[in-house]
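User: I would like a close look at a single part of this model, starting from one residue and its contacts and then moving outwards to the side-chain pairs elsewhere in the chain. Please take it step by step and keep the reasoning visible.

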Amino acid sequence: MKRSHILMSLFGLFALVGTIGCSSNAEEKKEEDVKFLVTSPLLKDTLATKDYVCQVHSIQHIEVRALEKGYLQKIFVDEGQYVKKGQLMFQIMPVIYNAELQKSQAEANYVGIELQNTKRLADSNIVSKNELALARAKFDKANADVTLAKTHLQFTEIRAPFSGIMDHFQVRLGSLLDDGDLLTTLSDNSKMWVYFNVPEAEYLDFKSHHDDNMKHVRLVMANNELFDQPGEVQTIEADFNNETGNIAFRATFPNPKGLLRHGETGSVRMTVPLKNALIIPQKATFEVLEKKYVYVVDKNNTIRSREITIGAEMPHIFVVQSGLNKGDKILLEGLRQVKENEKIHYNFVQPASVISNLGLYAE
């Protein structure tokens, strides 16, 4: 009886060992069957798009101020209204300035009569030529006073210096104004000046190439939509900012529909040529704590994560600034299926083929 129990135990142990061995062999075979796609960075010249935070300004944006003292008698426009050049916007009470004009005209008439009388006397040699000259000087001064009074009267009418859009009012009807008080602002939005800062190295690239790819830029608006009109870099400021190492560029954008307004923000998208750029697919990277990594396959087919620095980003690809070399092998797919220091089997895919067929290499 004891012997039969011992035999049965031995048979069970052999069966268990056999099962474990078969299972282990199956797993090893399964691991051998799993092959990952591996590629290398592609070294080539390319064009990269870079975005720069920008400020949008009207081509003309001014403060409209009172030119004379007085009460604001009339407002002929409304906030947000489009006004044409020369259109009457505000009227300051002109009563005092009308009175000054009438007084100046009366004095000019009086001095004019005196000049005529003095001229007749001078012609008869009754008065000297000096008295005639003095009378003529008084007449000229009186006419100058009339011109000045007319100018002050004209200043009671505030007209648009150019066509544009009104901002909100800083005063209300009946307000007592002093000369120089702010009434509103006026913006000409037919064209927009967009300012953005460029680092020194990229400025040097721009000046070295200065072709249409870099001069012509696009505007990404605050809603992440692309503005429908292209812009052109026309002006670069004279000096670098010593604190930031940047220099300001100014691009001009036509604004035929009036969509852009003074004070908006967005991003200027510039196309920059890159020489000998190291390109990898975006899908070959993963992120940890806002840092980019790739899995590099060493000569023993073991994968190890490596941090990389991204120099530029384009659809589906990254331009690597540092962290990789041309000959490095990186894991293209299955990033979530492997672990650090794991040994893998793989098929190598030429980088040019990967870049040209990115949509085919989906996990």
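Analyst: Leaving aside residues up to four places away in sequence, threonine 156 touches Phe90, Gln91, Ile92, Pro94 and Tyr97. The model is a predicted one, and the contacts described here are computed from it. Threonine 156 sits in the loop that runs between α3 (129-154) and β6 (157-159). Its relative accessibility is 1%, so threonine 156 counts as buried, the limit being under 20%.

The helix before that loop can be described in its own right. With 26 residues, α3 reaches 38 Å from its first C-alpha to its last, which is close to the 38 Å expected at 1.5 Å a residue. Leu132, Ala135, Ala142, Val146, Ala149 and Leu153 are buried in α3.

Moving outwards, the aromatic rings come next. A pair of aromatic rings is described by the distance of the centres and the angle of the planes. For a pairing rule that asks for centres within 6.5 Å, the count in this model comes to eight aromatic pairs. In one of them, the ring centres of tyrosine 52 and phenylalanine 196 are 5.6 Å apart and the planes stand at 35°, so this pair is tilted. Tyrosine 52 belongs to strand β2 (residues 42-65) and phenylalanine 196 to strand β9 (residues 182-199), and the pair thereby links distant parts of the chain, 144 residues apart. Tyrosine 52 has a relative accessible area of 7% and is buried, and phenylalanine 196, at 1% relative accessibility, counts as buried as well. Both of these residues also belong to a cluster in which ring pairs link Tyr52, Phe196, Tyr203, Phe240 and Phe249.

A further aromatic pair is formed by phenylalanine 227 and phenylalanine 253, with 6.3 Å from centre to centre and 65° between the planes, an edge-to-face arrangement. Phenylalanine 227 lies in the loop between β10 (216-221) and β11 (231-236), while phenylalanine 253 lies in strand β12 (residues 246-254), so the pair ties together parts that are 26 residues apart in sequence. Phenylalanine 227 and phenylalanine 253 are both buried.

Rings also meet charged groups in this model. The charged end of arginine 250 sits over the ring of tryptophan 193, at 3.8 Å from the ring centre. In another case, the charged end of lysine 329 sits over the ring of phenylalanine 348, at 5.8 Å from the ring centre.

From there the charged pairs follow. Side chains of opposite charge can pair when their charged atoms come close. The structure holds ten salt bridges, and one of them joins the side chains of glutamate 202 and lysine 50, at 3.2 Å from N to O. Glutamate 202 lies in helix α4 (residues 200-209) and lysine 50 in strand β2, so this salt bridge ties together parts that are 152 residues apart in sequence. Both glutamate 202 and lysine 50 are buried. Strand β2 thus holds lysine 50 of this salt bridge and also tyrosine 52 of the tilted ring pair.

Another salt bridge brings together the side chains of lysine 215 and glutamate 232, at 3.4 Å from N to O. Here lysine 215 lies in helix α5 (residues 212-215) and glutamate 232 in strand β11, so the pair ties together parts that are 17 residues apart in sequence. Glutamate 232 is partly exposed, with a relative accessible area of 27%. Lysine 292 forms a salt bridge with glutamate 287, and the closest N and O atoms of that pair are 2.9 Å apart. Lysine 292 counts as partly exposed at 22% relative accessibility, and glutamate 287 counts as partly exposed at 48%.

Finally, two loop residues deserve a look at their backbone. Most residues other than glycine have a negative phi, and most peptide bonds are trans. Asparagine 224, although not a glycine, has a positive phi of about 70°. Asparagine 224 has its place in the loop between β10 and β11, the loop that also holds phenylalanine 227. With a relative accessible area of 67%, asparagine 224 is exposed, whereas phenylalanine 227 is buried. Leucine 289, a residue other than glycine, likewise has a positive phi, near 50°. Leucine 289 is found in the loop between β14 (285-288) and β15 (291-297), and at 79% relative accessibility it counts as exposed.

Key: Residues numbered from 1 in each chain as written. Predicted model: local features only at pLDDT ≥ 70, side-chain atom pairs only at ≥ 80, totals over all residues. Heavy atoms only, no water. Phe/Tyr/Trp six-rings, centres within 6.5 Å; stacked < 30°, edge-to-face > 60°. Helix = DSSP H or I, 4+ residues; strand = E, 2+ residues; numbered from the N terminus. Buried < 20%, exposed > 50% of the residue type's maximum accessible area, 1.4 Å probe, protein only. Lys NZ or Arg CZ within 6 Å of the ring centre and 35° of its normal. Salt bridge = Lys/Arg side-chain N within 4 Å of Asp/Glu carboxyl O. Contact = heavy atoms within 4.5 Å. Expected span 1.5 Å × (residues − 1).
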